[in-house]
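Welcome! Here is a short tour for anyone meeting this structure for the first time. Keep the view open beside the text and look up each residue as it comes along.

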Amino acid sequence: MEPHPRPQGSRLQAHDEQALQRVRVVGKLLDNAVQIPGTSYRVGLDPLLGLLPGGGDAVGFVLSAYIVLEALRFRLPKETIIRMSTNLLMDAVVGSVPVLGDIFDVTWKANARNLALLEAHVANPRPQRAADRWFVIAVVIGLVLLGVGIITLVFLLVKLLQSLIGG
């Protein structure tokens with residue numbers, strides 16, 4: 001793919017602005033939806049989803065992956081996509097550990113980090129070299145495989161718990 005230049009001072013197209021607004025809503029909902037009373041600290045649905053047995057982490061992953069997939073449409077540089085994917089990977093892997101993962105989700109806020117990376121890209125009007133097509137395809141395949149892996153792991157853990165409780 002060729003560089004995706006944006007002239008100095010240009011505005012986003014309407015469909016890009018709508019996509020950015022959707023990403024903002026999802027990011028806030030997952031990481032900063034509610035202020036903890038008596039503090040300035042905010043939490044979102046991501047750590048709460050992790051508490052749901054049998055799929056909460058998978059749902060959280062799918063919603064978090066949406067942010068990275070939308071970021072691909074904005075043709076971010078390869079390095080930024082790698083950072084975003086690493087944030088998502090950390091959130092998915094560590095976040096899937098019972099209790100510890102939920103505490104990690106409250107503090108790590110991968111979605112807020114990824115939103116900040118996307119916002120920084122959108123705010124920077126300098127021409128940048130976008131990630132090439134094969135890299136984008138590899139990221140999408142990697143996200144799909146990670147999602148399938150998380151769903152499979154959750155399924156196996158539920159089966160194991162069922163056999164321990166029922167057997």
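Reading from the N terminus, the elements of the chain follow the order α-β-β-α-α-α-α-α-α. That comes to 7 helices and 2 strands. Please keep in mind that this is a predicted model.

**The chain as a whole**

- The chain has 167 residues, and 38% of them count as buried.
- About 9700 Å² of the chain is exposed, and carbon and sulfur atoms supply 69% of that area.
- Among contacts in the chain with a separation of 6 or more, 69% come from residues 24 or more positions apart.

**The nonpolar core**

- In soluble globular proteins, nonpolar side chains tend to be buried together.
- Here the largest nonpolar core has 29 residues, and the members that touch the most others are F61, F74, L76, I81, M84, L118 and V139.
- At least two residues of this core come from each of α1 (14-31), α3 (56-73), α4 (78-95), α6 (110-123) and α7.
- Which helix gives the most to this core? The answer is α3, with 7 residues.
- M84 is a good residue to click on: leaving aside residues up to four places away in sequence, M84 touches I67, V68, A71, L76, N114 and L117.

**A buried asparagine**

- N111 sits in helix α6.
- Is N111 buried or exposed? N111 counts as buried because its relative accessibility is 0%.
- Setting aside residues up to four places away in sequence, N111 touches G27, L30, D31, D46, S64 and I67.

**An aromatic pair**

- A search of the whole structure turns up 1 aromatic pair.
- F104 and W108 form this pair, which is stacked, with 5.5 Å from centre to centre and 15° between the planes.
- Both residues belong to helix α5 (residues 100-108), where F104 and W108 are 4 residues apart, about one turn of the helix.
- F104 and W108 are both buried.

**Salt bridges**

- How many salt bridges does the structure hold? There are 5.
- One of them joins R73 and D16, whose closest N and O atoms are 4.0 Å apart. This pair links distant parts of the chain, since R73 is in helix α3 and D16 is in helix α1, 57 residues apart.
- The two partners differ in burial class: R73 counts as partly exposed because its relative accessibility is 42%, while D16 is buried, with a relative accessible area of 15%.
- Another salt bridge brings together the side chains of E17 and R24, at 3.5 Å from N to O. E17 is partly exposed at 30% relative accessibility, and R24 is partly exposed at 27%.
- The side chains of R22 and E70 also meet in a salt bridge, at 3.3 Å from N to O. R22 lies in helix α1 and E70 in helix α3, so this pair ties together parts that are 48 residues apart in sequence.
- With a relative accessible area of 38%, R22 is partly exposed, whereas E70 counts as buried at 7% relative accessibility. Through salt bridges that share partners, D16, R22, E70 and R73 are joined into one network.

**Along helix α7**

- G149 has its place in helix α7. With a relative accessible area of 36%, G149 is partly exposed.
- G149 and A58 are 91 residues apart in sequence, yet their C-alpha atoms are 9.3 Å apart in space.
- L153 is also found in helix α7, which covers residues 133-166. L153 counts as partly exposed because its relative accessibility is 42%.
- Which residues make the nonpolar surface patch of about 630 Å²? The patch is made by L153, L157, L160, L161, L164 and I165.

Key:
Residues are numbered from 1 along each chain as its sequence is written. This is a predicted model: local features need pLDDT of at least 70, side-chain atom pairs count only at pLDDT 80 or more; totals for chains, interfaces and linings use all residues. Side-chain values use heavy atoms; hydrogens and water are left out. Patches are made of residues with over 30% relative accessible area and no salt bridge: like charges are joined within 9 Å, nonpolar side chains (Val, Leu, Ile, Met, Phe, Trp, Tyr) within 5 Å. Accessible areas come from the Shrake-Rupley method with a 1.4 Å probe; for residues, only the protein chains shown count as cover. Buried means under 20% relative accessible area, exposed over 50%, partly exposed in between (1.4 Å probe, protein chains only). Contact means heavy atoms within 4.5 Å. A nonpolar core is a set of buried Ala, Val, Leu, Ile, Met, Phe, Trp, Tyr and Cys residues joined through side-chain atoms within 4.5 Å. Rings of Phe, Tyr and Trp (its six-membered ring) pair if their centres lie within 6.5 Å; planes under 30 degrees apart count as stacked, over 60 as edge-to-face and the rest as tilted.
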